[in-house]
Amino acid sequence: MLRADGVFRDQLGQASLPPRGHSARERKARVTVTLHVCITCRRGLPDAGEGPRPGAELHAALLDGGAPEGVRIVSAECLSACDNGCNIALSGPGRWSYVYGHMDPAKDVPDILAGAAAYAKSSDGIVPWRERPQIFRKQSLARIPPMET
């Protein structure tokens, strides 16, 4: 995975080579949006103190699923939507941003990746209602206007 520092790293954070046929610069140029995943989310469950939290499990499952073209998947310590975990957010330059909640690491990964791909393809972050996965239609917590430039 390409990190913000322009270095490809594997899931353990070790530096690695860019995917075959693509330079780090070429890959970075294609990343247009960020999928933030709250890794501290407990999904309303008590903190067992051991093992990964559901938010971290969701992050790992999304990484395993592979980032769609133009999407960077990053962890976030907290998205401040704790009563609605697991939570994700989509953002990109000049685009509307969204926060989604009640994501299930066991079943929602394909829909999250499909929704992130559709978001990346949009010019302003607004994906037509009928083209959004069901979870993006029903589980939106916030829609944030683009930052003014």
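1. The strands of this predicted model form an open sheet of 5 strands, in the order β2-β1-β3-β4-β5 and with mixed pairing. Strands here are DSSP runs of E with at least two residues, helices are runs of H or I with at least four residues, and both are numbered from the N terminus; two strands pair if DSSP finds at least two bridges between them. The edge strands, each pairing on one side only, are β2 (71–76) and β5 (140–144), and the twist averages 15° from one strand to the next.

2. As a basis for reading the numbers, residues are counted from 1 along each chain as its sequence is written. Local features need pLDDT of at least 70, side-chain atom pairs count only at pLDDT 80 or more, totals for chains, interfaces and linings use all residues, and side-chain values use heavy atoms, with hydrogens and water left out.

3. Within the sheet, β3 (residues 88–91) and β4 (residues 97–100) pair in the antiparallel sense over 3 bridges, and A89 stands opposite V99 in β4.

4. Helix α2 lies across β1 (33–38), β2 and β3, running at about 145° to β1, where angles run from 0 to 180 degrees between N-to-C directions and axes are lines fitted to C-alpha atoms, for helices over the stretch in contact. Helix α3 packs on the sheet, touching β1, β2, β3 and β4 (contact means heavy atoms within 4.5 Å), and its direction makes about 15° with that of β3.

5. Helices α2 (residues 54–65) and α3 (residues 109–121) also pack together, at an angle of about 65° and with their axes 10 Å apart. Their contact is made by L58, A61, L62 and G65 of α2 together with V109, I112 and L113 of α3.
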